[in-house]
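Colleague: I have a few questions about this fold. Could you pull it up so we can go through them together?

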Amino acid sequence: MNGDIRREWFEKDYYATLGVPKNASQDEIKKAYRKLAQKHHPDANAGNKESEERFKEISGAYDVVGDEEKRKQYDQVREMAASGAGAGGFPGGAGAGPGGVRYENVNVGDIGDLGDLFGNLFGGGGVGGGARGRTSRQPSRGADLETQVRISFDDAMAGTTVPVRIKGPAPCPTCGGSGAEPGTSPITCPRCGGSGQISVNQGPFSIAQTCPRCSGRGVIIETPCHTCHGNGTIQRTREFSVRIPAGVKDGARIRVKGRGEPGPAGSPPGDLYVVVHVAPHRVFGRKGNDLTVELPVTYAEATLGANVPVPTLNGPVTLKVPAGTQPGRTFRIRGKGAPKKGGHGDMLVTVNVAVPKKVSREEKNLLKQLQEAEHESPRKRLGVDA
């Protein structure tokens, strides 16, 4: 288990937050998250604090169960809290004091990874023998953000740069996010030594509690910044450009590292996720990295064979249609599809015979002659000759 395990994992059901069952697939979790995030996104609910908080809850839940490794750890923690660990004094059990957890007199060797797990979770609180020594506080990241952009099909194929506007917390320009007045710096909390937690001995066990002096931050700001009042952040609109790679698919989620909400003083910011919506094209469709196109041909071209021009992203190419080609047959033109890593997909060309709605007198006479010259009905295999 790593230090990414969090206290709230014991208390919050992230599956319920996203409205999915515990055994949902990663794709089902992703679909549920996207639907909820779009509904509660701050851009679509300006000034709605309830939607803003809901969006943060949804993002926090997806940050855990949307990641396979974090999800595995989260499930293990939840199972332990719901099993004998909860009844025996681990998180969720009776006797856990506010801000801490009571550890029963259990040998670490008997519980495998639990000692490391709870040591990471509560900052080094001891199991069965008092404090095991403080560990350095690992600064938490800022929250991840998500926004959506819409681009044309052509821009998706060629790649483009789009402007993005994010409204919300941003690093204070005066103190650079430290929360301290320029010329001063935050100091390590003398109460917890920077761990953000203190251990309170209670006989054969101990309780890990949030440090009351620094409120779990691990540092104290003696002279708060006059602009942000020690928060390290201010509310403003940030604008920057995001590069969309060539060949991007509709619904792709592009991560922009470090462009999310700033974290607490001394901790890294979260990331920004840009969801790309690609407008449909009037000619081309798409299947994975392949492009598709419907190619109309005349009856004569399909019957006698012909060289027919086919549109592609880089201009038309010639397709040889063999004599006797049936409607609905699909041809593959290599390397003329969407850009992908190491090259391009293919172009899938489906041939359809175009039947004219109007014909000239000369064409009508020729068609009658053709009809009279035909000796076998195409319906013969159906058992009717007429």
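Modeller: Happy to, and what follows is a chat about the sheets, the cysteines, a pocket and some loops of this predicted model.

Colleague: Let me begin with the sheet of four strands; which strands stand at its edges?

Modeller: The sheet is open, with mixed pairing, and its order is 10-11-17-14. The twist from one strand to the next averages 35°. An edge strand has a single partner, so one side is left without a neighbour in the sheet, and that applies to strand 10 (285-287) and strand 14 (330-333).

Colleague: And how do strand 10 and strand 11 run, parallel or antiparallel?

Modeller: Strand 11 covers residues 290-297, and three bridges join strand 10 to it. One of the pairs is Gly285 with Thr292 of strand 11. The direction of these two strands is antiparallel.

Colleague: Which residue of strand 17 is the bridge partner of Val293?

Modeller: Strand 11 and strand 17 pair over seven bridges, in the parallel sense. On the other pairing, strand 14 meets strand 17 in the antiparallel sense over four bridges, and there Phe331 stands opposite Val349. The bridge partner of Val293 in strand 17 is also a residue we have just met: Val349.

Colleague: Is strand 17 largely enclosed or not, and how many of its residues are buried?

Modeller: Strand 17 spans residues 347-353. One residue found there is Leu348, which counts as buried because its relative accessibility is 13%, under the 20% cut-off. The strand is largely enclosed by the rest of the structure, because the buried residues number five of the seven.

Colleague: Staying with Leu348, how far is it from Phe284 in space?

Modeller: Along the sequence, Leu348 and Phe284 are 64 residues apart. From C-alpha to C-alpha, the distance between them in space is 9.8 Å.

Colleague: Now the sheet of three strands; which strands are at its edges?

Modeller: This one is open too, with the order 1-9-8 and mixed pairing, and its twist averages 25° from one strand to the next. Strand 1 is joined to strand 9 (residues 272-278) by seven bridges, and the two run parallel; Ile151 stands opposite Val278 there. The strands that pair on one side only are strand 1 (145-151) and strand 8 (253-256).

Colleague: There is a hairpin as well; which residue in its turn has a positive phi?

Modeller: Five bridges join strand 12 (residues 306-310) to strand 13 (residues 317-321), and the strands run antiparallel. Val310 has Val317 as its bridge partner in strand 13. Six residues lie between the two strands, and the one in the turn with a positive phi, about 105°, is Gly315.

Colleague: How many disulfides does the structure hold, and why is Cys211 not in one?

Modeller: A disulfide needs two cysteine sulfur atoms within 2.5 Å. Cys211 is buried, at 1% relative accessibility, but its closest cysteine sulfur, in Cys189, is 3.7 Å away, which is too far for a bond. Cys214 is in no disulfide, with the sulfur of Cys192 as the nearest, 3.7 Å away, and Cys214 is buried at 4% relative accessibility. The number of disulfides in the structure is zero.

Colleague: Which element gives the most to the lining of the second largest pocket?

Modeller: The volume of that pocket is about 590 Å³, and of its 14 lining residues the closest to the centre are Tyr299, Ala300, Pro356, Leu367 and Leu370. By type, the lining divides into ten nonpolar, two polar and two charged residues. Helix 8 (299-304) and helix 9 (361-373) each give two or more residues, and the most, five, come from helix 9.

Colleague: Last one: is His229 buried or exposed?

Modeller: Most residues other than glycine have a negative phi. Ser215, in the loop between strand 5 (205-210) and strand 6 (219-220), has a positive phi near 60° and is exposed at 58% relative accessibility. His229 also has a positive phi, of about 60°, and lies in the loop between strand 6 and strand 7 (233-244). Since its relative accessible area is 61%, His229 is exposed.

How values were computed. Residues numbered from 1 in each chain as written. Predicted model: local features only at pLDDT ≥ 70, side-chain atom pairs only at ≥ 80, totals over all residues. Heavy atoms only, no water. Buried < 20%, exposed > 50% of the residue type's maximum accessible area, 1.4 Å probe, protein only. Pairing = 2+ DSSP bridges. Axes fitted to C-alpha atoms, helices over the stretch in contact; angles between N-to-C directions. 1 Å grid on protein atoms, 1.4 Å probe; cavity = no way out; pocket = protein on both sides within 12 Å on 5 of 7 lines; lining within 4 Å. Points joined across faces, edges and corners; volume = space filled by probe spheres on them. Nonpolar A, V, L, I, M, F, W, Y, C, P; charged D, E, K, R; others polar.
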